Amino acid sequence: MLSALGILLMIWGIGAPLVALTGTETLGRITHVRRQLGDRNELIPNRYAFAITYEFRLPDGALRTGTTQRIGDYFSPGRLGVGSPVTIRHAPFAPSLSVIDWGPGALIENILAAAIGAALVRLQLKG
C-alpha cells in the first residue's frame, strides 16, 4: 500500500511540472469555486482552502474539465472567480492531465511530493 502511494506521489510530483513546462497551452475559464471547511488554524490566521473547477476546449472542440485547490484568505482566490479566464496547460496525449496557472511556488510542492513518494518506495524496498 505504501509503495502504491509512493509511486502516485512521485508521478504527481514529476508529472505536474512536466505538463506545465511541455504541455499544450490553451485558454479556459473558471466554472466553480468553493471554500472548503473553515479556518485552517495555521500560524497565519484566516486562511482557507478553495476547490476550483475549470473547463477548456481542445483543438477538436471537445470540452474538458479539471480541478485544483488554492489556499488563501477569505477573499481569495480573487482573480480566480467564476467566469474568470485562465491559462491552462494540458498533456496532448491525455488532456485530463492539466494544470492551471502553474508557477514556481507549485514547484516546491511538487518536489516535496516526489521526494516523499521516493522515500515511501525506498522504505518498502528496504523492508
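**Exercise 1. A residue in a loop**

Work out why Ala62 is classed as partly exposed, and find where Ala62 lies.

*Solution.* Start with the accessibility: Ala62 has a relative accessible area of 27%, so Ala62 is partly exposed. The class follows because partly exposed covers values between the 20% limit for buried and the 50% limit for exposed. Keep in mind as you work that this is a predicted model. Next, place the residue: Ala62 sits in the loop that links S2 and S3. Finally, look for its partners: once neighbours within four places in sequence are set aside, Ala62 contacts Phe56 and Arg57.

**Exercise 2. The overall layout**

Describe the order of helices and strands along the chain, and say how much of the chain is buried.

*Solution.* First count the elements: the chain has two helices and five strands. Then read them from the N terminus, which gives α-β-β-β-β-β-α. For burial, 32% of the 127 residues are buried. As a last step, turn to the contacts with a separation of 6 or more: 61% of them join residues 24 or more positions apart.

**Exercise 3. Pairing the strands**

Trace how S1, S2, S4 and S5 are joined, and give bridge partners where you can.

*Solution.* Begin with strand S1, residues 24–36. S1 pairs with S4 in the antiparallel sense, over six bridges. Along this pairing, Thr24 is opposite His90, and Arg29 has Pro85 as its bridge partner. S1 is also joined to S2, again antiparallel, through eight bridges. Here Arg35 faces Phe50 as its opposite residue.

Now move on to S4 and S5. These two are antiparallel with four bridges between them, and they form a hairpin with two residues in between. Ala91 in this hairpin stands opposite Ala94 of S5.

**Exercise 4. The cores**

List the residues of the largest nonpolar core, and decide which element gives the most to it.

*Solution.* The largest nonpolar core holds nine residues: Ile30, Ile52, Tyr54, Phe56, Leu58, Leu80, Val86, Ile88 and Ile100. Two elements supply two or more residues each, strand S2 (48–57) and strand S4 (85–91). Of the elements, S2 gives the most, with three residues. Apart from this core lies another one, of five residues, including Ala16, Val19, Ala20 and Ala91.

Follow up with one core member: beyond four places in sequence, Leu58 touches Arg64, His90 and Pro95.

**Exercise 5. Around Tyr54**

Find the aromatic pair in the structure, then identify the polar contact that Ser98 makes through its side chain.

*Solution.* A search of the whole structure turns up one aromatic pair. The pair is Tyr54 with Phe56, and their rings are stacked, at 6.3 Å centre to centre with 25° between the planes. Stacked is the right word because the cut-off for that class is under 30 degrees. Both partners are buried: Tyr54 has a relative accessible area of 1%, and Phe56 is likewise at 1%.

Next, take Ser98, in strand S5 (residues 94–100). Its relative accessible area is 16%, so Ser98 is buried. The side chain of Ser98 makes a polar contact of 2.7 Å with the side chain of Tyr54. With residues up to four places away left out, Ser98 touches Val19, Tyr54, Phe56, Gly66, Ile88, Arg89 and His90.

Finish with Thr68, in strand S3 (residues 63–72). Thr68 counts as buried because its relative accessibility is 18%. Its contacts beyond four places in sequence are Phe50, Ala51, Ile52, Tyr54 and Ile100.

**Exercise 6. Helix H2**

Compare the span of H2 with the expected value, and name its buried residues and the element they pack against.

*Solution.* Helix H2 covers residues 104–126, which is 23 residues. From first C-alpha to last it reaches 33 Å, close to the 33 Å expected at 1.5 Å a residue. Its buried residues are Asn110, Ala113, Ala114, Gly117, Leu120 and Val121. To read such a pattern, recall that an α-helix has 3.6 residues a turn, so residues three or four places apart point the same way. As the last step, identify the partner: the buried residues of H2 pack against helix H1 (2–22).

Notes
Residues numbered from 1 in each chain as written. Predicted model: local features only at pLDDT ≥ 70, side-chain atom pairs only at ≥ 80, totals over all residues. Heavy atoms only, no water. Core = buried A, V, L, I, M, F, W, Y, C linked by side-chain atoms within 4.5 Å. Buried < 20%, exposed > 50% of the residue type's maximum accessible area, 1.4 Å probe, protein only. Contact = heavy atoms within 4.5 Å. Expected span 1.5 Å × (residues − 1). Pairing = 2+ DSSP bridges. Polar contact = N/O pair within 3.5 Å; in protein donor to acceptor, adjacent residues only side chain to side chain. Phe/Tyr/Trp six-rings, centres within 6.5 Å; stacked < 30°, edge-to-face > 60°.
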